[in-house]
Amino acid sequence: MSIPCASFIRHSSHSPLSASPANQRKKVTMQTLRSLYKKGEPITMLTAHDFPSGYVADAAGMEMVLVGDSLAMVALGMEDTSEVVMEEMLLHCRSVARAAKSSFTVADLPMGSYEVSPEQGVQSAIRIVKEGRVQGVKLEGGVEMAPTIKRVTQAGIPVVGHIGLTPQRQNALGGFRVQGKSTAGALRLLKDALAVQEAGAFMMVLEAVPAEVAAIITKKLRVPTIGIGAGNGCSGQVLVQIDMTGNFPPGRFLPKFVKKYADVWGETIKGIEQYREEVKSRAYPSEEYTYPMSKDDLAEFEKVVDQIHQ
Ligand code: KIV
């Protein structure tokens, strides 16, 4: 075990998480992603909403880290994604960007920040990259969003499209529903995908789409698709980190496509309950968690204290 040198020993719980893992990977760039796509190697993407979640996703080798506006619901306790505003997204983008040094980072444009016009879209995208410190933006919508995607791309900002179930439009879609289930629906989806590609998006998320439809669309495109609830035929996959790590209370509804890979909530509650018990019983903090003082100094201190009369 390495012993930290004296000047680096911290005597406060306010110590930073190290910003650069010892075995830092090479930075993932657009070229890296293109080469994975060409080789047919699935691209891995995971959401992160703050410094620790960005750090762990990066350290676990995610090629892409997405500051999704799922932030609103899973980390900020909001009803839906329409509530989160640009300033909140920017704060969380910056925290993730400080941590995710190797992954390619992308953030959602929040609802209301790009639908009015391509100019509004490009202004918001510039803020996300300039102030949020991420490398690209994601925005929801198909054919109707093509002019905005084109404008943002022309400004030199990589765009990830997002079609199928678009949570920002859940009111218009009648809720969180699977998209492209009928022939007409699947054809609409294909048109959206082609429009998003032609507009310049370098990749697109396909959410809640039958696996066969997603696979056919993926084959028709020359840019990668990232599936979430869209089966195994996409060029990569994305999940919401809080969902896949099981960092939520029991009884929460989970979409069918989410696989729970860990039980962060269960482990955390176990630890906190044990801490509570140990504080109540004075088992914590035991001697190993306290700072020592020399016997002589202590004796002297006690002597002085005894002489103080109140
Ligand atoms: O907001 C988000 O986290 C997303 C992913 C689910 C793709 O858009």
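A polar contact here is a pair of N or O atoms within 3.5 Å. With that cut-off in hand, let's look at some close-ups of this predicted model.

**View 1. Three side chains make polar contacts with oxygen atoms of the ligand.** Lysine 138 places a polar side-chain atom 2.8 Å from a ligand oxygen. For serine 70, the distance from a polar side-chain atom to an oxygen of the ligand is 2.6 Å. Aspartate 108 also takes part, with a polar side-chain atom 3.2 Å from a ligand oxygen. On its own, the ligand has 260 Å² of accessible area, and the protein covers 95% of it.

**View 2. The ligand sits in the largest pocket.** Around the ligand you will find Thr47, Leu66, Gly68, Asp69, Ser70, Asp108, Lys138, His162, Ile228, Val238 and Val240. By character, this shell divides into four nonpolar, four polar and three charged residues.

**View 3. Phenylalanine 104 and phenylalanine 202 form an edge-to-face aromatic pair.** Two values describe a pair of aromatic rings: the distance of the centres and the angle of the planes. Here the rings are 5.9 Å apart centre to centre, with 65 degrees between the planes. Edge-to-face requires an angle over 60 degrees.

**View 4. The pair of phenylalanine 104 and phenylalanine 202 in its wider setting.** Phenylalanine 104 belongs to strand β3 (residues 104–108), while phenylalanine 202 lies in the loop between α8 (183–199) and β6 (203–207), so the pair ties together parts that are 98 residues apart in sequence. A search of the whole structure turns up four aromatic pairs.

Note on methods. Residues numbered from 1 in each chain as written. Predicted model: local features only at pLDDT ≥ 70, side-chain atom pairs only at ≥ 80, totals over all residues. Heavy atoms only, no water. Near = heavy atom within 4 Å. Polar contact = N/O pair within 3.5 Å; in protein donor to acceptor, adjacent residues only side chain to side chain. Areas by Shrake-Rupley, 256 points an atom, 1.4 Å probe, with all protein chains shown as cover. 1 Å grid on protein atoms, 1.4 Å probe; cavity = no way out; pocket = protein on both sides within 12 Å on 5 of 7 lines; lining within 4 Å. Sits in = over half its atoms within 2 Å of the grid points. Nonpolar A, V, L, I, M, F, W, Y, C, P; charged D, E, K, R; others polar. Phe/Tyr/Trp six-rings, centres within 6.5 Å; stacked < 30°, edge-to-face > 60°. Helix = DSSP H or I, 4+ residues; strand = E, 2+ residues; numbered from the N terminus.
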